[in-house]
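The following briefing concerns a single protein chain and its ligand. Please consult the sequence and the model alongside the points below.

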Amino acid sequence: MTQDHEKANIPNGRRSFLTTASRLTMAGAVGPVIGLSASSAIAAQTQPASAESPTNEYLEATAQRSLDALESAYGAHKGQRRNHTKGIGAIGKFVGTAAAREYSRSLLFSGETIEVVARFSLAGGNPDASDAERSARGIGIQFRLPDGSLQHMTMLHTPMFFATMPQTFIDKFFALTPDPATGKADPARFNAFLKSHHDNDAQAHYLGTVNPPVSYANCPFFGIHTFKFVGKDDKVTMVRWRFVPRDGEKNLTDDEVKSAPKDFLQAALMERVKRGPLQWDMIVSIGEPGDPVTNPTVLWPANRKEFHAGTLTLTDAMPQEQAPSYGINFDPLVMADGIEPSDDPILRFRSTSYGLSYSRRLRNL
Ligand code: HEM
């Protein structure tokens, strides 16, 4: 298993993750990142040191900086999520398989029917974003296990993420800050981000070449990170998972991308659940020695051994303000016994960022 990062001491004594070899090994051109209204400065690399903001502050990726970056790009929308702001609630159930029980002792795979609260969303902090924009679609799922414990999964419809290190996330959203003169992000500054952050390439290429989905019902969702399945005998298996829609994957045509109404996703989902339950199969891939486990921008080879770990069934959908998911913090590190996180620095970082966003929303900030 490869580690493509190292921990480094920074001068003020605090520790931070710094990229050493974050170049992609997979094919993927520097594509336009469309959908996330483009750009401005790369804070970490271009902002001068000052008494209030010493250079080291810009080098350190903190939850605070990640929210500063999101709010810089999209503003702070009171009482709302700072990322994936536009969304829809859903409820349903999950039933795990005997095949999954071979690898994980999690009650998720006990075979009992597990209650599920979910939320679909559009990446980015704009509550009025167009549903046709070329950004990631997300799903947060809270599984309520029979012993009262919780298991979270927070996934995207792209197979890969755009950052090997939290600093890329922070730099990207500062680079999307609107220029006060135009109200739009500065393309030159966003291009500077693209040129200096090649870990962004693969997802940008994917979003630039694969049209957005026609409905959340037709979205595959990828866990992206590597996780550990822990068996009854404590045996650890490195895994990645994805949820494959039984309705099939279906994307907008080029014409539909241009003409689709701004808010079609909610209507499409509501209409679909009226016709019957929606299902996804959870497919788990087993890692082999040498597969990257800390880099969420690089895919595993397609020929990895896979098994069907369970079926997600969603029975109802509702506007997010009325949904049980409204008050949930889909922190991806909320895990029940039997599933554990890898050392992926992005996965580890997410928890604090979600917590801070959640606390702002609860305080109506
Ligand atoms: C450095 C990396 C990341 C940061 C800083 C970050 C930050 C955030 C924040 C602040 C939120 C809003 C949380 C809330 O207010 O409840 C959020 C939501 C979300 N993120 Fe991330 N994220 C990161 C990576 C990822 C990755 C890798 C995935 C998927 C594998 C992902 C999927 C989602 C989804 C689906 C939501 C919406 C959850 C909901 O409906 O509440 N994020 N993210």
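Lys 262 has a relative accessible area of 38%, so this residue counts as partly exposed. In this predicted model, Lys 262 forms a salt bridge with Asp 263, and their closest N and O atoms are 3.6 Å apart. The briefing continues with the salt bridges, then turns to the iron atom, the pocket and helix α7.

**Salt bridges**

- The whole structure contains 16 salt bridges according to the search. Side chains of opposite charge can pair when their charged atoms come close.
- Asp 263, the partner of Lys 262, is likewise partly exposed, because its relative accessibility is 42% and the buried class ends under 20% while the exposed class begins over 50%.
- Another salt bridge joins the side chains of Asp 131 and Lys 86, with an N to O distance of 2.9 Å. Asp 131 belongs to the loop between β4 (113-122) and β5 (137-144), whereas Lys 86 belongs to strand β3 (residues 86-96), so the pair ties together parts that are 45 residues apart in sequence.
- Are Asp 131 and Lys 86 buried or exposed? Both Asp 131 and Lys 86 are buried.
- A network of salt bridges links Lys 86, Asp 131, Lys 262 and Asp 263. Buried residues, Asp 131 and Lys 86, therefore share this network with the partly exposed Lys 262 and Asp 263.
- Glu 288 and Arg 304 also form a salt bridge, where the closest N and O atoms lie 3.4 Å apart. Glu 288 and Arg 304 are both in the loop between β10 and β11 (306-319), 16 residues apart.
- The partners in this bridge fall into separate burial classes: Glu 288 is partly exposed at a relative accessible area of 36%, while Arg 304 is buried at 13% because the limit for that class is under 20%.

**Iron atom of the ligand**

- Which protein residue provides a donor to the iron atom of the ligand? The single donor from the protein is the OH of Tyr 354, at 2.0 Å.
- Tyr 354 is placed in helix α10, which spans residues 345-362.

**Largest pocket**

- The largest pocket encloses about 320 Å³ of space. Its lining consists of 15 residues, and those nearest the centre are Phe 222, Arg 242, Ser 285, Leu 299 and Trp 300.
- Two or more lining residues come from each of β9 (236-245) and β10 (278-286). Of the elements, β9 gives the most, with three residues.
- By class, the lining comprises nine nonpolar, two polar and four charged residues.

**Helix α7 and its surroundings**

- Within helix α7 (residues 201-209), the buried residues are Asp 201, Ala 202, Gln 203, Ala 204, Tyr 206 and Leu 207.
- What do the buried residues of α7 pack against? They pack against β6 (150-156), α5 and α6 (187-196).
- Helix α5, one of these packing partners, spans residues 166-175 and contains Gln 167.
- Gln 167 counts as buried because its relative accessibility of 16% is under 20%.
- Gln 167 and Pro 341 are 174 residues apart along the chain, and a distance of 20 Å separates their C-alpha atoms.

Note on methods. Residues are numbered from 1 along each chain as its sequence is written. This is a predicted model: local features need pLDDT of at least 70, side-chain atom pairs count only at pLDDT 80 or more; totals for chains, interfaces and linings use all residues. Side-chain values use heavy atoms; hydrogens and water are left out. On a 1 Å grid over the protein atoms alone, a cavity is a set of points where a 1.4 Å probe fits but cannot get out, and a pocket is an open set with protein on both sides within 12 Å along at least five of seven lines; lining residues have an atom within 4 Å of a point. Grid points are joined across faces, edges and corners, and a volume is the space filled by probe spheres set on the points. Helices (H or I, at least four residues) and strands (E, at least two) are DSSP runs, numbered from the N terminus. Ala, Val, Leu, Ile, Met, Phe, Trp, Tyr, Cys and Pro count as nonpolar, Asp, Glu, Lys and Arg as charged, and the others, Gly among them, as polar. Donors are N, O and S atoms within 2.8 Å of the metal (3.2 Å for Na, K and Ca); water is not among the atoms, so sites may look incomplete. A salt bridge is a side-chain nitrogen of Lys or Arg within 4 Å of a carboxyl oxygen of Asp or Glu. Buried means under 20% relative accessible area, exposed over 50%, partly exposed in between (1.4 Å probe, protein chains only). Contact means heavy atoms within 4.5 Å.
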